[in-house]
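Here's a quick tour of a structure, taking in a ligand site, a domain contact and a helix pair. Have a look at it before reading on.

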Amino acid sequence: MTALASIRDLTVTYRRDGSDVAALKHVSLDIVAGERLAIIGESGSGKSTLALAIAGLLPASSRVEGRIDWFLPPLGARDRQPSTLAGDYKPLGGRDIGFVFQDPSASLDPVMAVGKQIAEVAYTHLGLTWPQAYAKAKNLLERIRLPDPESALRAFPHQLSGGQKQRVAIAAAIAAGPKLLIADEATSALDTIVQAEIVALIRRLVAEDGMTLLFISHDIALAAALAERIAVFRHGKLVELGETAQIVGAPAQAYTRALLDADIGLDAAPLVGRAGLNA
Ligand SMILES: Nc1ncnc2c1ncn2[C@@H]1O[C@H](COP(=O)(O)OP(=O)(O)OP(=O)(O)O)[C@@H](O)[C@H]1O
């Protein structure tokens, strides 16, 4: 098991109304290259803060202590020999991390055709010509299986359904070929069937591109259907981490047991593995 990133003693504090809110407390965790890792916990447990810290997107008002080390060859040497990139809390660049949020409208520009939006990511990060970037956008729209990729290129976000918009947001997130895809409650606003389809899509794309996945969800059943390992957060602390089968079958913590017993979204989970879903 090779680590893609090593998080050590990460503590994040927000300043709100003159007082400090400790959103993450002394979190240490390795993200294994190529794994699908789920981060679960109740609202306010620090899941999004962890995702933002990893992606280097925390607000300037936050205070970060601890370190995140990345183990990736520097960009120029990717295809030659591997080396180590490490440092104190040094996030990767936009090219190496793809981020999918709960609300696709928040990451899509409402007045730009979706083909152009996806192409811009590829153009900005991959040094392609515009026609090459646009061809890549079309290819991505095919890969995310929008019904008519050719006309979808020219569609605006409001012309797409919620699930289709999330597919486009995922296409944009992977357009620069990131090593790590972070999906932060990426299916939470969708109905059960669409939720299962998006999970299946994420699973397929991650496998096809050899990405590492960080899947953040309050829904342990959905997380279990997708992830190989599950990290359980509570009140900003990592309380349990293990293989999915162990976390689901024999959780060490009463809190994890309670999350399991709450069965939030268990109706969606069996759908995830079902054949015939439009992944
Ligand atoms: N920008 C911010 N400023 C101040 N406090 C914040 C900020 N963002 C989050 N917090 C606080 O930090 C704590 C952790 O929040 P975080 O969003 O990371 O949790 P979460 O597990 O992702 O919750 P949810 O599932 O509701 O998104 C909470 O107490 C929250 O109120």
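## Around the ligand

In this predicted model, 14 residues surround the ligand, and the closest are Tyr-14, Ala-23, Ser-43, Ser-48 and Thr-49. Strand E1 (3–16), strand E2 (19–32) and helix H1 (47–55) each chip in at least two residues of that shell. The largest share, three residues, is down to H1.

Now for the domains. The domain assignment splits the protein chain into domain 1 (1–95 + 178–279) and domain 2 (97–177). Where they touch, domain 1 puts in 23 residues and domain 2 puts in 20 residues. On the domain 1 side, strand E6 (180–184) and H7 are the elements that give two or more residues, with H7 providing the largest share, seven residues.

H7 turns up again in a helix pair. The axes of helix H6 (residues 162–174) and helix H7 (residues 192–209) come within 10 Å and cross at roughly 20 degrees. Angles under 35 degrees count as roughly parallel, so H6 is roughly parallel to H7. Their crossing is right-handed. Among the residues that meet are Gly-162, Arg-167 and Ile-174 from H6, with Val-194, Leu-201 and Asp-209 among those from H7.

Here is the make-up by class:

| Region | Nonpolar | Polar | Charged |
|---|---|---|---|
| Contact of H6 with H7 | seven residues | three residues | three residues |
| Shell around the ligand | four residues | eight residues | two residues |
| Side of domain 1 that touches domain 2 | 15 residues | three residues | five residues |

Terms used. Residues are numbered from 1 along each chain as its sequence is written. This is a predicted model: local features need pLDDT of at least 70, side-chain atom pairs count only at pLDDT 80 or more; totals for chains, interfaces and linings use all residues. Axes are lines fitted to C-alpha atoms, for helices over the stretch in contact, and angles run from 0 to 180 degrees between N-to-C directions. Helices (H or I, at least four residues) and strands (E, at least two) are DSSP runs, numbered from the N terminus. Angles under 35 degrees count as roughly parallel, over 145 as roughly antiparallel, 65 to 115 as roughly perpendicular and the rest as oblique. A crossing is left-handed if the near helix is turned anticlockwise from the far one by less than a right angle, and right-handed if clockwise. Two residues are in contact if their C-beta atoms, placed from the backbone, lie within 7 Å. Ala, Val, Leu, Ile, Met, Phe, Trp, Tyr, Cys and Pro count as nonpolar, Asp, Glu, Lys and Arg as charged, and the others, Gly among them, as polar. A residue is near a molecule or strand if its C-beta atom, placed from the backbone, lies within 6 Å of it. Domain bounds come from an automatic or database domain assignment.
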